[in-house]
Amino acid sequence: QVQLVESGGGLVQAGGSLRLSCAASGLTFRTYFMGWFRQTPGKERGFVAAIIWSGSSTYYADSVKGRFTISRDNAKKTVYLQLNSLKPDDTAVYYCAAAPNYSNDYIRPRSYYYWGQGTQVTVSS
């Protein structure tokens with residue numbers, strides 16, 4: 001019933017940019033706390049960014065502050081992640097996630113109820 005679909009990933013050179021999109025359906029999007037996570041082979045899924053219902057508050061992992069920007073368009077039921085100044089270490093599968101309520105544990109995957117299938121970002125050196 002609930003579906004999150006990521007898009008926008010691809011291959012980019014170091015220093016380049018991408019914009020990821022996550023289109024949601026089957027939920028009251030405007031009430032959801034949304035997040036982005038990423039995962040590389042053999043590693044646990046790690047927090048990247050999150051955004052509150054209104055979009056007025058955002059949260060970022062230290063590794064991406066100043067380079068990535070999360071935003072949302074509630075009318076389009078879409079959350080975005082703008083990736084700038086990309087580094088090879090940013091290479092990962094990026095996942096969109098949704099939480100019905102805010103949690104102060106928002107960096108933990110267990111705080112989110114719904115997940116997309118991911119989109120691959122590969123940054124070449």
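This report walks through the fold of one protein chain and then visits a few of its residues.

The model is a predicted one, so local features need pLDDT of at least 70 and side-chain atom pairs count only at pLDDT 80 or more, while totals for chains, interfaces and linings use all residues. Residues are numbered from 1 along each chain as its sequence is written, and side-chain values use heavy atoms, with hydrogens and water left out.

## The whole chain

Let's start with the big picture. Which elements make up this chain? The protein chain has 11 strands and zero helices, where helices (H or I, at least four residues) and strands (E, at least two) are DSSP runs numbered from the N terminus. Read from the N terminus on, the elements go β-β-β-β-β-β-β-β-β-β-β.

How about size? The C-alpha atoms fill a box of roughly 40 × 25 × 25 Å along the principal axes. The radius of gyration of the protein chain is 13 Å, which agrees with the value near 14 Å for a compact globule of 125 residues. That radius is taken over C-alpha atoms, and the globule rule is 2.2 Å times the number of residues to the power 0.38.

Buried residues make up 41% of the 125 residues. Here, buried means under 20% relative accessible area, exposed means over 50%, and partly exposed is in between (1.4 Å probe, protein chains only). The accessible surface of the chain comes to about 6500 Å², and 44% of this belongs to carbon and sulfur atoms. Those areas come from the Shrake-Rupley method with a 1.4 Å probe; for residues, only the protein chains shown count as cover.

Now for contacts, meaning heavy atoms within 4.5 Å. Take the contacts between residues at least 6 apart in sequence: 59% of them join residues at least 24 apart.

As for charge, there are 13 positive and 7 negative side chains, and the centres of the two sets lie 5 Å apart. Lys and Arg count as positive and Asp and Glu as negative, leaving out His and the chain ends. The place of a charge is NZ of Lys, CZ of Arg, CG of Asp or CD of Glu.

## The core

In soluble globular proteins, nonpolar side chains tend to be buried together. A nonpolar core is a set of buried Ala, Val, Leu, Ile, Met, Phe, Trp, Tyr and Cys residues joined through side-chain atoms within 4.5 Å. How many residues does the largest nonpolar core have? It has 37, and those with the most contacts inside it are M34, W36, V79, L81, Y94 and Y112. The strands that each supply at least two residues of this core are β3 (18-25), β4 (33-39), β5 (46-51), β7 (68-73), β8 (78-83), β9 (92-99) and β11 (119-124). β9 gives the most to this core, with six residues.

## Far in sequence, brought together in space

Some residue pairs sit many places apart along the chain. Here are four of them, with C-alpha to C-alpha distances.

| Pair | Apart in sequence | Apart in space |
|---|---|---|
| F29 and A99 | 70 residues | 9.8 Å |
| P109 and G46 | 63 residues | 7.8 Å |
| Y59 and I107 | 48 residues | 9.1 Å |
| Q120 and V12 | 108 residues | 11 Å |

Is F29 buried or exposed? F29 counts as buried because its relative accessibility is 1%, and its place is in the loop between β3 and β4. Not counting residues up to four places away in sequence, F29 touches A24, M34, R72, D73, N74, K77, T78 and V79.

P109 belongs to another loop, between β9 and β10 (114-115). With a relative accessible area of 30%, P109 is partly exposed. Beyond four places in sequence, P109 touches F37, R45 and W115.

Y59 is part of strand β6 (residues 58-60) and is partly exposed at 21%. Leaving aside neighbours within four places, Y59 is in contact with F33, F47, V48, A49, A50, Y102 and Y106.

Q120 sits in strand β11 and counts as partly exposed at 39%. Setting aside neighbours within four places, Q120 is in contact with G9, G10, T91, A92 and V93.

## Two backbone oddities

Most residues other than glycine have a negative phi. K77, in the loop between β7 and β8, has a positive phi near 50°. K77 is partly exposed, at 34% relative accessibility. S85 also has a positive phi, near 50°; its place is in the loop between β8 and β9. At 40% relative accessibility, S85 counts as partly exposed.
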